[in-house]
Amino acid sequence: MYTFIENIIIKYLTDLSAYVTSVIVVGIAALICLAGAHNGILINGIPLLFICMSVAFLVQWIAFIPAYIWQTEHFYDLTGSLTYLTVTGLAIFGKSMWGHSDIDTRSLLLALLITVWTLRLGIFLFMRILKAGKDRRFKDLKSSLPIFLRTWTLQGLWVFLTSVSALTAISTTTIHPVDITLYAGTIIWIFGFVFEVIADHQKSRFRTDKDNAGQFIQSGLWSISRHPNYFGEITLWVGVTIIAFPVLRGWQLVTLISPFFVFLLLTRVSGIPLLQARADEKWGHLQTYQKYKDNTPALWPRFLPIKSDPESKSSN
């Protein structure tokens, strides 16, 4: 009897915590939006940036409904990608309609870079889950309405905070001519984008080789970083923020949090910690894996790696 009551209490507290987290997440986004909307374009008195933020969450909540009903996560990543495209397009459209001048080069470039990254990553992730048939991250989440809802709400935060410096730069009334920051940011973005694409391609090719079944990759870019794709992603968002920086004024500078958010998300929350735990569980008993882990940085590439054995992979 006591166990039954304890289980009910635990479930209630867990569900309550999930709902509270969702509210806090939206609140955090709203506060950053409030700062970024300073000196921004208004549409009938409503900041364009606020509309973009609202859409970012609204899309997630709409997509959550069928996802929960059918207990599927197949369209989770795809929805995130479509949200990036939607809020970016909305920002550009809003500026073209309600801005005080023609759309500037900086805004068009930011929109282009986000669109290219989104299309590439979205297609890659969607094809990966179609091939795998499921996403292990959602195994214990789908059955709980508040926890699954929290997951979708967090994706709204991810979309908004990751792109907030660019969205703020697009939706602001400040115009800045083409300068060194635009060129430097673009070069950094290209470097990060190419780095991420190559890393993803190398790992996909490694996994499709049947001879590598049950083995871990430690060749190519994966020989100088255990998570080179994440390094590339962080780098490209740094480039986006550098491009956006010259038009940010006053409280808008708060939106420079964008690349720091990406860094914290990938290195402290859902990226490296989860993948590292799985890798340790699967290959932790192998000496070759321990050597690879000890000699290879988790994130920042070691472009002059320590010499290792010729063997480039290890099996269970």
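Reader: How do you class the residues in the lining of the largest cavity?
Author: By class, that lining has two nonpolar, five polar and one charged residues. Ala, Val, Leu, Ile, Met, Phe, Trp, Tyr, Cys and Pro count as nonpolar, Asp, Glu, Lys and Arg as charged, and the others, Gly among them, as polar. The residues in question are Ile41, Lys95, Gly99, His100, Ser101, Thr172, Thr173 and Ile175, so Lys95 is a charged one. A quick word on the source: this is a predicted model, where local features need pLDDT of at least 70, side-chain atom pairs count only at pLDDT 80 or more, and totals for chains, interfaces and linings use all residues. Residues are numbered from 1 along each chain as its sequence is written, and side-chain values use heavy atoms, with hydrogens and water left out.

Reader: What makes this space a cavity?
Author: On a 1 Å grid over the protein atoms alone, a cavity is a set of points where a 1.4 Å probe fits but cannot get out, and lining residues have an atom within 4 Å of a point. Grid points are joined across faces, edges and corners, and the volume is the space filled by probe spheres set on them. The largest cavity holds about 40 Å³, and the structure has one cavity of 30 Å³ or more.

Reader: Why is Thr168 called buried or exposed?
Author: Buried means under 20% relative accessible area, exposed over 50%, partly exposed in between (1.4 Å probe, protein chains only). Thr168 comes out at 0%, so Thr168 is buried. This residue is found in α5 (145-171); helices (H or I, at least four residues) and strands (E, at least two) are DSSP runs, numbered from the N terminus. Apart from neighbours within four places in sequence, Thr168 is in contact (heavy atoms within 4.5 Å) with Gly36, Leu49, Leu248, Gln252 and Thr255.

Reader: And what are Asn44 and Gln71 called, exposed or partly exposed?
Author: Asn44 has 75% relative accessibility, so Asn44 counts as exposed. Gln71 has 32%, and therefore counts as partly exposed. Asn44 sits in the loop between β1 (42-43) and β2 (46-47), while Gln71 is in the loop between α2 (48-69) and α3 (76-98).

Reader: How do you know that the span of α8 agrees with what a helix should have?
Author: The expected span is 1.5 Å times one less than the number of residues. For the twelve residues of α8 (258-269) that gives 16 Å, and the end C-alpha atoms are 15 Å apart, so the two agree. Buried residues of α8 include Phe261, Val262 and Leu265, and what covers the buried ones includes α5, α7 (228-244) and α9 (272-283).

Reader: What makes a set of residues a nonpolar core?
Author: Buried Ala, Val, Leu, Ile, Met, Phe, Trp, Tyr and Cys residues must be joined through side-chain atoms within 4.5 Å. The largest such core has 67 residues, of which Leu110, Trp117, Phe160 and Trp237 touch the most other members. Its largest share, ten residues, comes from α5. A second, separate core of eight residues includes Phe64, Tyr76, Phe148 and Trp152.

Technical notes:
1 Å grid on protein atoms, 1.4 Å probe; cavity = no way out; pocket = protein on both sides within 12 Å on 5 of 7 lines; lining within 4 Å.
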